[in-house]
Amino acid sequence: MTRKGYRFLLKPTAEQAELFCRFAGSSRFVWNKALECQKSCLKNGKGVFSYAEICGRLVEWKDEFHFLKEVHSQPLQQSVKDLSLALKHCFDGSKGFPKFKKKGDHDTFRFPQGTKLDNKKVYLPKIGWVKFRKSQEIEGTIKNVTVTRSMGNWFVSIQVEMDVQDPMHPSKNEVGIDMGVTRFATLSDGSFVAPINSFGQVRSKLAGALRKLARKQKYSNNWRKQKRKVQRIHSKIAHVRKDFLHKLTSSISKNHAVIVLEDLKVKNMSASAKGTIEDPGKNVKAKSGLNRSILDQGWHEFRRQLEYKQQWRGGQVILVNPSHTSLQCSECHHRAKENRVSQAEFKCVMCHHEEHADLNAAKNILAAGAPCKPVEILSRMLLKPRNLPSFRAERTSTKSPCLHG
Ligand SMILES: [Zn+2]
């Protein structure tokens, strides 16, 4: 069984949109109220409320705050459940302490059951049938339905569960991919992808809009209007980037059973520019420029999409150590700084092999991560526990041909 999520733009009537706001508002109210309880409870050294205890409080709150009775009880219980889960994540150290929710940012509510689908409509309890823009077919059994507001639009996320027999990837190809700034991705077969620059193009527009916003009286009508403009630019950037990445990762995943990537710590790289108090970052300006570029390119999102798409198809993503992939010759494996003539040019001082530096790196990445035939890797995968999207192949593996150079 695997779970898969679909997300569609909702097309609610005015009355339905009004109900959405009410549902989201009540869910947020319950979240904040429950969090308040938890906080004072912890302060007094009483530990944490259980889900059942908070649900008991919920009944009392309904008597006190009548607007809670107007919405379906499921999303409210779900809010309490979500908070319990958030606290659990906080105590096991994987996430920070949950925060109070403010109105407007990511308004959301969820139905764990009672929803139905009928072609281009989704049934939400107490709200009714709501139309949505169906951009793809939905397969599997519905597990839960979430309604979220983002940049002024309402979206529905439908999570389904389906029975997938161990899928076998249709292709037997393998590919190494080098990620860069001047070229977003270079494939070891010689093809490459130009940078997205979705943010670059509208960056000046965004900067202008932000300057205007700063000059407006906060919370005035004009300020709100300008704020919406800024949100629309953000939304456009996100949309262009996501669309670009989905098309790209779908085509790469479809055509390759094994994809080898460098294990770039994108998050660490972007965090390192600012540095810490003890160790203020060197080259902050240059690094933040590069970091903006890295984030703009969406490398992290690229990898995330490739990993889950490979998992559906029965393919594999292998991560390799990125050190030296750019300095080593992909033909004779000689490693030297002098091999790198410039940012784009690679010329081996040993065997005189010449190539675009990114392509040479992509070939090294492939060699480092896929020393076996894809079929062998796939059969090895079947012996491994499932649900692991990827495993890390270290360059020090004795099977790696790069070591014999
Ligand atoms: Zn060489």
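Student: In what order do the seven strands of the open sheet stand?

Tutor: The model is a predicted one. Within it, the pairing of the seven strands is antiparallel and the sheet is open. From one strand to the next, the twist averages 35 degrees. The order is β2-β6-β7-β1-β5-β4-β3.

Student: Which strands stand at the edges of the sheet, each with a single partner strand?

Tutor: Strands of a sheet pair through backbone hydrogen bonds, either parallel or antiparallel. An edge strand here has a single partner, so one side of it is left without a neighbour in the sheet. The strands in this position are β2 (108–111) and β3 (116–118).

Student: Which residue in β4 stands opposite Leu117?

Tutor: Strand β3 covers residues 116–118. It pairs with β4 (residues 121–124) in the antiparallel sense, over three bridges. The residue in β4 that stands opposite Leu117 is Val122.

Student: At about what angle does helix α1 run to β2?

Tutor: Helix α1 spans residues 14–43 and lies across several strands, among them β1 (2–11), β5 (128–133), β6 (141–150) and β7 (153–162). Strand β2 also belongs to the set that α1 lies across. The angle between α1 and β2 is about 90 degrees.

Student: What is the arrangement of the four donor atoms around the zinc ion?

Tutor: The protein donors are the SG atoms of Cys329, Cys332, Cys348 and Cys351, lying 2.3 Å from the zinc ion. Four donors count as tetrahedral if all angles lie between 85 and 135 degrees. The angles subtended here are 105 to 112 degrees, and therefore the arrangement is tetrahedral.

Student: How are the donor residues of the zinc ion spaced in sequence?

Tutor: The residues concerned are Cys329, Cys332, Cys348 and Cys351. Written as a pattern, their spacing is C-x2-C-x15-C-x2-C.

Student: Is Cys329 buried or exposed?

Tutor: A residue is buried when its relative accessible area is under 20%. Cys332, another zinc donor, has 26% relative accessibility and counts as partly exposed. Cys329 has 0%, so it counts as buried.

Student: How many residues apart are Glu161 and Arg3?

Tutor: Side chains of opposite charge can pair when their charged atoms come close. Glu161 and Arg3 form a salt bridge, with 3.5 Å between the closest N and O atoms. This pair links distant parts of the chain, with Glu161 in strand β7 and Arg3 in strand β1, and the separation is 158 residues.

Student: Which helix holds both Lys247 and Asp243?

Tutor: Lys247 forms a salt bridge with Asp243, the closest N and O atoms being 3.1 Å apart. Lys247 counts as exposed at 59% relative accessibility, while Asp243 is partly exposed at 36%. The two residues lie four residues apart, about one turn of the helix, and the helix is α5 (residues 221–255).

Student: What is the relative accessible area of Arg303?

Tutor: Arg303 and Asp263 meet through their side chains in a salt bridge of 3.5 Å, N to O. The pair joins distant parts of the chain, 40 residues apart: Arg303 lies in helix α8 (residues 299–313), and Asp263 in the loop between β11 (258–262) and α6 (266–272). Asp263 counts as buried at 12% relative accessibility. Arg303 is buried as well, with a relative accessible area of 19%.

Student: Which residues do salt bridges that share partners join into one network?

Tutor: The count of salt bridges comes to 14. One of them is formed by Glu161 and Arg3, and Arg3 is partly exposed at 43%. The network joined through shared partners consists of Arg3, Lys143 and Glu161.

Key. Residues are numbered from 1 along each chain as its sequence is written. This is a predicted model: local features need pLDDT of at least 70, side-chain atom pairs count only at pLDDT 80 or more; totals for chains, interfaces and linings use all residues. Side-chain values use heavy atoms; hydrogens and water are left out. Two strands pair if DSSP finds at least two bridges between them. Axes are lines fitted to C-alpha atoms, for helices over the stretch in contact, and angles run from 0 to 180 degrees between N-to-C directions. Contact means heavy atoms within 4.5 Å. Donors are N, O and S atoms within 2.8 Å of the metal (3.2 Å for Na, K and Ca); water is not among the atoms, so sites may look incomplete. Four donors count as tetrahedral if all angles lie between 85 and 135 degrees; four count as square planar and six as octahedral if opposite donors are over 155 degrees apart and all others between 65 and 115; anything else is irregular. Buried means under 20% relative accessible area, exposed over 50%, partly exposed in between (1.4 Å probe, protein chains only). A salt bridge is a side-chain nitrogen of Lys or Arg within 4 Å of a carboxyl oxygen of Asp or Glu.
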